[in-house]
Amino acid sequence: MMIGPNQSRRERDDETAVRRNYWGCARERNRRLARTAIKRRIESDGDISRRSTDTLVVAGKETNADESCNASQLSSEWIDKAIWHIIKGKRSFFSLTCIQENLVYFETPHSSELLFSLDKGELKGKAQMINWFERQGYENFKQEIRNNLDTFTLYEFAVWCRRWHIVGSLIIAAVNPCVRGRRRSDSTIATHEYNDNSFRLFAFGQTILRLFFDMSVPLSLSSHVVQRVAELRRTALVGTCSICFTKDPLLCCDMAKCGGACELCWWKNVVECLERLEDYLVTCPVCCCSSNAAIDNSSVGARDPVTLREESLQKYEALPYDIKELRKRDPKSSGKKPQGPKEEDILVSSWTAAVAPLVGPTMELRRDRFFLRVTKGHFHHIKGFLSLGIDVDMQNEYGQTALYIAAWLGYTQIVQTLLDYGADTSRLAHGGLSALAAAQANERDVIMQMLIDACAIQSVEMFDRADLTACTPQLETLIDLSVDHPGAGSFVIDNAVTDKMIDALKRLWRSIPMEMTCIKQKKGKLCSDRSYYCDAEGFLRRAISQSISDAFGAQVKSAVVLEHMRFLSYAVPGATLLPHTDLHRVELTTGIHSTHTFILYLTSCCSGGETSLLEHTSGPGRHEVRAKVTPIRGRLLLFPHLTPHEGNEVVDVPKLLIRGEVIISYT
């Protein structure tokens with residue numbers, strides 16, 4: 001699209017906006033593709049071929065890869081460009097898309113001759129960035145390369161230049177930090193032995209990255225780990241590892257105290273520190289220098305839990321409620337864009353220091369982040385919230401406390417820490433389930449004993465096991481699986497649950513408080529009253545899953561109903577629901593995305609209130625109905641999340657239903 005000289009200013013502005021929107025969409029699409037590829041690479045073991053990190057030099061003298069031989073000049077130019085962007089600190093060059101597309105250059109050592117081309121004039125004034133060469137200037141820089149360095153990686157070069165933002169970008173893009181360059185002193189090791197060690201190290205790097213992402217290690221801490229290991233490589237001397245007795249360059253914080261260990265043993269020690277929940281991750285595996293013992297809760301446990309809880313609560317209540325109140329308290333910062341940390345302030349050496357900036361500056365934000373971290377089981381983050389201020393007994397929209405969630409999901413260390421901070425064991429979630437009952441229902445024996453010792457109470461019974469008596473479900477197909485439509489695989493199951501179960505669900509609904517945001521009408525339109533329920537005990541989930549299995553028979557391999565559900569109540573005629581599609585949820589234990597939405601009707605409506613499955617959510621097919629489902633007591637509606645659907649105007653009231661998600665696997 002060209003902008004002509006005779007176009008009006010408005011036309012030129014419109015066309016410029018179109019181009020910017022297109023560029024923004026394309027960039028976002030590429031970013032999402034890169035994120036998907038990175039996620040798959042982390043979750044899998046990766047395509048680890050037996051490549052030699054000594055001879056596979058993409059832009060060096062020697063290579064064993066045919067494609068590297070054919071494109072050596074092009075790769076050399078790209079690497080030279082990347083080196084200069086590192087020196088200049090241009091983080092924008094190292095985007096997720098760029099790193100993913102050029103991953104081989106980041107995970108392969110390169111010849112040190114590439115650094116000889118660094119122009120002296122360009123380096124002048126930047127010698128302070130070259131930490132590895134002790135900031136001695138360009139001549140010493142070249143001499144150090146010629147004397148000691150054979151190959152290097154872009155990871156290492158970013159560390160030497162102290163470009164921690166770029167190091168963080170490489171970690172986010174899941175670039176393997178265990179790929180190492182080779183020093184000339186390493187030539188005393190047999191080539192095949194050095195290559196085998198490097199291959200094992202590269203393979204173990206996948207484990208490191210997976211733990212960094214699974215445990216949500218803050219970027220400031222993971223960058224510190226990479227930085228320390230890369231700097232220890234500088235002083236590494238070839239020898240025999242004191243742990244695995246492998247001949248390899250040995251890393252050590254203090255050569256006077258111990259003989260050191262190979263890099264693989266160092267990384268294994270980092271993994272052990274992560275699994276033992278230690279505060280410091282970079283410790284010598286031989287002499288444990290720069291190491292603290294595993295996080296000790298004795299100092300916390302020795303204090304009165306009530307005092308600890310009150311201190312944390314006071315700090316939390318002193319915070320502004322939301323961003324608006326925060327800006328009122330500090331008017332000078334209301335119009336300014338938040339500034340990120342300076343380059344030299346990015347790295348921290350402990351979990352305690354890394355978590356502190358992440359808890360949130362307001363009560364609203366801290367609350368949301370607290371429950372998110374508890375659900376994911378991030379122990380160090382929970383310690384940070386408790387020490388910096390939080391209401392340990394506050395409840396989420398499902399009526400769950402942090403203690404309840406940790407007991408339900410089996411996070412033993414978090415349960416003990418919350419008890420040390422005086423968490424109330426008598427708080428009940430929606431439905432009357434206690435933390436002790438949630439642990440018992442999910443067979444968390446250790447946590448059960450911990451809660452019993454803390455005098456935890458039992459639940460208020462809402463369901464009777466007799467309510468789960470067998471019923472005879474009747475299946476009706478709305479949109480067949482073979483149809484080319486987003487709603488293919490939509491079904492109705494009548495008589496899905498028993499009358500006793502429906503009566504129990506109605507009693508449960510009456511006991512749950514209504515969400516405050518649903519009390520008011522939205523933009524003058526009538527809406528449903530919403531209440532949240534989490535079936536941690538599994539009675540309703542098992543009943544729905546059994547009904548689906550009985551109705552489909554051998555056609556369905558499994559049906560997993562997710563725990564979180566919503567009661568929707570229409571008490572006033574006239575409420576409608578506009579055409580839309582649903583979002584998926586993630587199953588907490590497996591991480592699998594849900595496939596279908598389920599709606600269980602608890603009341604019947606003779607007229608109005610139907611759920612219509614549409615051809616499209618907008619456009620010509622918006623009002624074309626593929627199927628219409630009337631609310632009938634005990635009826636279960638199942639349809640894929642991407643199915644366009646709407647709620648017809650409610651006439652007969654009350655209309656009461658339960659909405660949730662399910663993962664259906666067909667045979």
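**Exercise 1.** Arg 427 has a relative accessible area of 32%: work out which class this gives, and do likewise for Asp 424.

*Solution.* A friendly note before the steps: this is a predicted model, with pLDDT of at least 70 needed for local features and 80 or more for side-chain atom pairs, while totals for chains, interfaces and linings use all residues. Residues are numbered from 1 along each chain as its sequence is written, and side-chain values use heavy atoms, without hydrogens or water.

Step 1: Buried means under 20% relative accessible area, exposed over 50%, and partly exposed in between (1.4 Å probe, protein chains only). At 32%, Arg 427 is therefore partly exposed.

Step 2: Asp 424 has a value of 25%, so Asp 424 is partly exposed as well.

Step 3: The two residues form a salt bridge (a Lys or Arg side-chain nitrogen within 4 Å of an Asp or Glu carboxyl oxygen), with 3.4 Å between the closest N and O atoms.

**Exercise 2.** Explain why the salt bridge between Arg 566 and Glu 661 ties together parts that are 95 residues apart in sequence.

*Solution.* Step 1: Check the contact. The closest N and O atoms of Arg 566 and Glu 661 are 2.7 Å apart.

Step 2: Place both ends on strands (DSSP E runs of at least two residues; helices are H or I runs of at least four). Arg 566 sits in β10 (residues 564-570) and Glu 661 in β17 (residues 655-666), so the pair connects parts separated by 95 residues in sequence.

Step 3: Look at the surroundings. Arg 566 and Glu 661 are both buried, and shared partners join them with Asp 582, Arg 585 and Arg 659 in one salt-bridge network.

Step 4: For the wider picture, the whole structure holds 20 salt bridges.

**Exercise 3.** Find the cavities of 30 Å³ or more, then follow Glu 156 and Arg 233 from cavity lining to salt bridge.

*Solution.* Step 1: A cavity is a set of 1 Å grid points where a 1.4 Å probe fits but cannot get out, and lining residues have an atom within 4 Å of a point. The search returns two cavities.

Step 2: The largest has about 150 Å³ of space. Among its 18 lining residues, Glu 156, Gly 181, Arg 183, Asp 186 and Arg 233 are the closest to the centre. Helix α8 (154-160) and strand β4 (247-251) each give two or more residues to this lining.

Step 3: The second largest cavity has about 50 Å³, and its lining residues include Glu 156, Arg 233 and Trp 267.

Step 4: Glu 156 and Arg 233 form a salt bridge, with the closest N and O atoms at 2.8 Å. Glu 156 belongs to α8 and Arg 233 to the loop between α11 and β3, 77 residues apart. Both are buried.

Technical notes
1 Å grid on protein atoms, 1.4 Å probe; cavity = no way out; pocket = protein on both sides within 12 Å on 5 of 7 lines; lining within 4 Å. Points joined across faces, edges and corners; volume = space filled by probe spheres on them.
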